[in-house]
Amino acid sequence: MAVQIDILQQVLEVFRVQEFASQYSSTLDKFLYSIFFPMILLLLLIYILSARMFPNHKGLSVLLGVSFLIFIVVYPPESDYSLYSAFAPIGQVWYAFVIIIGVLWVLLSHIFPSDRSAGFQGARSGRSPAVLEREDVSEGLIKKAKKAYEKTSGKIAKQLERQITTNLAYMENMINTKRAAGRNSKEIADLIKEFNNLRSEALAMIARLDNMSEMEKAYLQRNPEQYELEVNRITRDFSRA
């Protein structure tokens, strides 16, 4: 017990609150009202100030907070009293200062907003952290959904483009096939029928491309109008063959 009292006495001397602590007869009361409660309130106050001044620099805010605390404990040097000894009596009414610190926290949140850009300060001021967190989650989900939609729509556009290119290649080859058929009316009739089917399919797929959004069309190598011009050219060449 004597050892504990000696340690407490040394702590009281470091914080220079021996005179204030002398009003309490109990060792526990001396510790609670001279050291514990005032220190908790002081740490909360320093945390609010440093965190709000440097919201994006956690290391700097911690360094500033530690510097403030040490300064309050040691200043002024070579004196029987310190800034902390003037702060110690607050420990007797710590519950009231918890409310004051809460009000101060709200005020500083408007003066020194945390890591929100200037564009969001006006629109999002006055909202609780829970609301802001839900908004951030919603924005993240929207971005993911948009990215997934772009990826899917890009695949569809590319697949249509490959099918159109394949149909155009078949139609181009059928020009030479028609020329080689000569006067074989049956073979020519079959070629015309097959050519018209490929042409109808190509035009239908080109129409689908044309109805897609500009975001989806961004994945195409050629725009729908170019494909339609290519179909018309091949059709003319097929008719002349």
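A residue counts as buried under 20% relative accessible area, as exposed over 50%, and as partly exposed in between. Phe68, at 32% relative accessibility, is therefore partly exposed. The model described here is predicted. Its chain holds eleven helices and zero strands. Two separate nonpolar cores and a nonpolar surface patch are covered below, followed by a few single residues.

**Overall build**

- The chain has 241 residues, and buried residues make up 27% of them.
- Read from the N terminus, the order of elements is α-α-α-α-α-α-α-α-α-α-α.
- Take the contacts between residues at least 6 apart in sequence: 66% of them join residues at least 24 apart.
- The accessible surface of the chain is about 16,000 Å². Carbon and sulfur atoms account for 60% of that surface.

**The nonpolar cores**

- In soluble globular proteins, nonpolar side chains tend to be buried together.
- The largest nonpolar core in this chain has 22 residues.
- Ile164, Leu168 and Met171 have the most contacts inside this core.
- Three elements each give two or more residues to the core: α8 (129-181), α9 (185-211) and α11 (224-240).
- A second core, separate from the largest one, has 20 residues. Val17, Ile72, Val73 and Tyr84 are among them.
- Leu168 touches Tyr227, Glu230, Val231 and Ile234, with residues up to four places away in sequence left out.

**The nonpolar surface patch**

- Seen from outside, the chain carries a nonpolar patch of about 610 Å².
- Its makers are Val62, Val66, Ile70, Phe71, Val74, Tyr75 and Leu83.
- Helix α4 (residues 58-74) gives the most to the patch, with five residues.
- Val62 belongs to helix α4. Its relative accessible area is 48%, so Val62 is partly exposed.

**Phe68 in helix α4**

- Phe68 also sits in helix α4.
- Leu43 lies 25 residues from Phe68 along the chain. The C-alpha atoms of the two are separated by 9.6 Å.

**Ser34 in helix α3**

- Ser34 is part of helix α3 (residues 27-53).
- Its relative accessibility is 0%, so Ser34 counts as buried.
- The side chain of Ser34 reaches the backbone oxygen of Lys30 at 3.0 Å.
- Beyond its neighbours within four places in sequence, Ser34 is in contact with Leu12, Val17, Phe20, Ala21, Tyr24, Asp29, Tyr84 and Ala88.
- Two of these partners, Val17 and Tyr84, appear in the second core.

**Thr235 in helix α11**

- Thr235 lies in helix α11, one of the elements that give two or more residues to the largest core.
- At 19% relative accessibility, Thr235 counts as buried, because the cut-off is under 20%.
- The side chain of Thr235 makes a polar contact with the side chain of Arg199, at 3.1 Å.
- That side chain of Thr235 also reaches the backbone oxygen of Val231, at 2.7 Å.
- With neighbours within four places in sequence set aside, Thr235 is in contact with Met171, Phe195 and Arg199.
- Met171 is one of the residues with the most contacts inside the largest core.

How values were computed: Residues are numbered from 1 along each chain as its sequence is written. This is a predicted model: local features need pLDDT of at least 70, side-chain atom pairs count only at pLDDT 80 or more; totals for chains, interfaces and linings use all residues. Side-chain values use heavy atoms; hydrogens and water are left out. A nonpolar core is a set of buried Ala, Val, Leu, Ile, Met, Phe, Trp, Tyr and Cys residues joined through side-chain atoms within 4.5 Å. Buried means under 20% relative accessible area, exposed over 50%, partly exposed in between (1.4 Å probe, protein chains only). Helices (H or I, at least four residues) and strands (E, at least two) are DSSP runs, numbered from the N terminus. Contact means heavy atoms within 4.5 Å. Patches are made of residues with over 30% relative accessible area and no salt bridge: like charges are joined within 9 Å, nonpolar side chains (Val, Leu, Ile, Met, Phe, Trp, Tyr) within 5 Å. Accessible areas come from the Shrake-Rupley method with a 1.4 Å probe; for residues, only the protein chains shown count as cover. A salt bridge is a side-chain nitrogen of Lys or Arg within 4 Å of a carboxyl oxygen of Asp or Glu. A polar contact is a pair of N or O atoms within 3.5 Å; within protein, one must be able to donate a hydrogen and the other to accept it, and residues adjacent in sequence count only if both atoms are side-chain atoms.
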